[in-house]
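Here are my notes on this one, as promised. Have the structure open next to you while you go through the points.

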Amino acid sequence: MQHKTELALSFLLSQVLLLACADLECVPGFQQKAFYIEEPFQFAEDQPVLKLKFDDCKGNNKLTFEVSNPNFKVERDGTLVALKNMSEAGRALFVHAQSEHAEDMAEILIVEENENRGALKEILKIESNLGFPRQKRAILASPVLVPENQRGPFPKSVGKVISSLAGDGVRFRLSGKGVDQDPKGIFKINEITGDISVTRVLDREATASYELEVEVTDVNGKNVDGPVRLDVFVIDQNDNRPVFKEGPYVGHVMEGSPTGTTVMRITAVDGDDANTDNALLRYDIRKQTPAEPSPNMFFIDPEKGDIVTVVSSVLLDRETMETPKYELVIEAKDLGGHDVGLTGTATATILIDDKNDHAPEFTKKEFLATVKEGVTGVIVNLTVRDRDDPATGAWRAVYTIINGNTGQSFEIHTNPQNNEGMLSVVKPLDYEISAFHRLMIKVENEDPLIPDIAYGPSSTATVQITVEDVNEGPVFHPNPMRVTKQENIPIGSKVLTVNATDPDTLQHQTIRYSIYKDPAGWLEINPTNGTITTTATLDRESLHVQNNTYTALFLAIDNGHPPATGTGTLHITLGDVNDNVPSLYPTLAKVCDDAKDLRVVILGATDKDLPPNTDPFKFELSKQSGPEKMWRLAKLNDTHAQVILLQNLKKANYNIPISVTDSGNPPLTNNTELKLQVCACKKSKMDCSAADALHISMTLILLSLFSLL
């Protein structure tokens, strides 16, 4: 019923158009260019759908029709007929008609049932929709449909504008983008006849439509009628292949997945009109590599591009496959997959991911290892087999010592290269304590097993370890050894008797002692009983003493084969005695002969000994000769004093006798001389050469006086 209504409306519209154009000249082409069919519509084989009317105004000689959908054809009388039973034909059909004198394009739109195409009165609004004139408008400018990619020669007539005002002195003028605006010159109009022509090949993917304006002018270019809108629609041709743009396409599916598991989606794009079959894509798998265990492991949804598994979960077993990687050649074809559609291909890679469905198993139940006592490091490599993917946590092994490691002497780690368990001794073993060890080892995976798989007896193993006896060196007790002695004790004094024992208690070996390192050569040791005595004076201030401590090393050597040696360290803390006199600094001072500040120099004292054998120091001057005293000492603190001149002196060198005494018991005194140079000073420059020439030694003066007496 709906179809009959459509035909009636189409017929009525055609009659209206004929009436509208009754007073105009014949317009070559389809007398109605747009038709509507409402979905759902069942197309029956060899049954007419609707009738189109084409007239080239010259008898339709050599008239032919072409339909964009190969499932339809148009009879010689213009009847559109379906070639097979179908319920879906896309969103639009285009019918191209060509005779000896004209060609044109009609469009059949397939709309949804709920789309409102309007009542009859809306269809009759032909001026706004199709450009046909009412009585008030003299210009008839129906929409122009131009197929893209037309072959030349150009220009090629594509339509015609008609005006009831046509005649002498009337001209047609065309304007808009594609005429006098960029891109210029695509369309032009015969100003006398109104024929519209295209000058070049059109590309719908670049521009799908053009909105032009046509008007009628007099010979002087003055507007007579219009402008009227003229729409030019570029009809899509299937000139773009589907393209896969988002590659590479890689999907993952877990082994054992149920049939119908979605792996990935792969889609292509088509540059043609999305509202036509030219861009209606269908997908297909053209090739699967490898073809085992089934040549049809996967299926692709022809419309959505979803790739799903189609084999049973049993066949989707990674461990039994030739390879866990499948490559699918996917083809996208436009025209809804029709044989004449254009195609594009892409490769989809599908990886079968491993799940932990195999527990690791030791290659044997018991491993043997031998290690010498006192040695650390790897003693044995435990081997396992696992059928899962080596690149995953389902294969990587984790080893644990579950029994026998009471002293924590052993550790086990996984070798990442081969998955073996490297059993190591981390604390040296003692043959005399235990010559044998037995460990229980278990192995698991980094990833948990799937629920229906469990670790079995083969996932545990034992390791039998035999410890070999070696001749171990004697051990000093304690080590290091510490003792405190005063420095300067008499030579031959006893320092300490060392004690070393042999760990090899079953061998009953004897021990002899010797010196290994004695930096200052102060000590000797009895080789039999280990008594250490002094052979020289112990000096706390020696360069060999650090932080009041002297360090020496001794050896204990057994009589095994070969002999074994142990090393002991002795630290002697030395007590201080007052055996070093204090030293004075500086020993040279300079002063100008006309100096106003007679404070010549500050003297300091140091002592190598330790308190209380150091400061406070006592500073003193020897008795001065002559009628006048020339200098004096002033104490500043416990370690410093200042030399002060009592008057300006003549240019000369003076030796000032000074004594400094420490606070030891008994105290020690150091008598020394301070050399004082009195120099000539001019313009901030000090000249001490004259002082050298006028050298006077107070000590020599005193000696001369004593000689005279």
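1. Let's start with strand 15 and strand 16 (residues 195-198): they pair in the antiparallel sense over 3 bridges. If you want a residue pair to click on, Ile 189 has Ile 196 in strand 16 as its bridge partner. Keep in mind throughout that this is a predicted model.

2. That pair belongs to an open sheet of 3 strands, ordered 12-16-15, with antiparallel pairing. Strand 12 (156-160) and strand 15 (187-189) are the edge strands, each pairing on one side only. On average, neighbouring strands here are turned by 30° against each other, direction ignored.

3. Two cis peptide bonds are worth a look in this part of the chain. One joins Gly 152 and Pro 153, with omega about 5°, and Pro 153 sits in the loop between strand 11 (144-147) and strand 12. The other joins Asp 182 and Pro 183, with omega about -5°; Pro 183 is in the loop between strand 14 (170-176) and strand 15. As background, most peptide bonds are trans.

4. Now for another sheet, an open one of 4 strands in the order 36-43-42-39, where the pairing is mixed. Its edge strands are strand 36 (481-486) and strand 39 (511-517), and each of them pairs on one side only. The average turn between neighbouring strands of this sheet is 30°, again with direction ignored. Strand 36 and strand 43 (residues 565-575) run parallel and are joined by 6 bridges. Within that pairing, look for Val 483, which stands opposite Ile 572 in strand 43.

5. Two residues other than glycine caught my eye for their positive phi. Asn 488, with phi near 70°, is in the loop between strand 36 and strand 37 (494-497). Gln 408, with phi of about 50°, is in the loop between strand 30 (397-403) and strand 31 (410-414). Are they buried or exposed? Neither: Asn 488 has a relative accessible area of 34%, so it counts as partly exposed, and Gln 408 is partly exposed because its value is 48%.

6. What does Glu 432 touch? This residue lies in the loop between strand 32 (421-425) and strand 33 (436-445). Beyond its neighbours within four places in sequence, Glu 432 is in contact with Glu 373, Asp 469, Glu 472, Pro 503, Asp 504 and Thr 505. Its C-alpha atom is separated by 9.5 Å from that of Val 467, which is 35 residues away along the chain. With 23% relative accessibility, Glu 432 is partly exposed, because the cut-off for buried is under 20%.

7. The second largest pocket holds about 520 Å³ of space. It has 23 lining residues, and those nearest its centre are Glu 66, His 96, Met 105, Pro 147 and Gln 237. By type, the lining splits into 7 nonpolar, 11 polar and 5 charged residues. Strand 5 (64-67), strand 8 (92-98) and strand 9 (103-111) each supply at least two lining residues, and strand 8 gives the most, with 4.

8. Finally, the overall picture. The protein chain has 5 helices and 52 strands. It runs to 709 residues, of which 44% count as buried. Among contacts with a separation of 6 or more, 66% are between residues 24 or more positions apart.

Key
Residues are numbered from 1 along each chain as its sequence is written. This is a predicted model: local features need pLDDT of at least 70, side-chain atom pairs count only at pLDDT 80 or more; totals for chains, interfaces and linings use all residues. Side-chain values use heavy atoms; hydrogens and water are left out. Two strands pair if DSSP finds at least two bridges between them. Axes are lines fitted to C-alpha atoms, for helices over the stretch in contact, and angles run from 0 to 180 degrees between N-to-C directions. On a 1 Å grid over the protein atoms alone, a cavity is a set of points where a 1.4 Å probe fits but cannot get out, and a pocket is an open set with protein on both sides within 12 Å along at least five of seven lines; lining residues have an atom within 4 Å of a point. Grid points are joined across faces, edges and corners, and a volume is the space filled by probe spheres set on the points. Ala, Val, Leu, Ile, Met, Phe, Trp, Tyr, Cys and Pro count as nonpolar, Asp, Glu, Lys and Arg as charged, and the others, Gly among them, as polar. Buried means under 20% relative accessible area, exposed over 50%, partly exposed in between (1.4 Å probe, protein chains only). Contact means heavy atoms within 4.5 Å.
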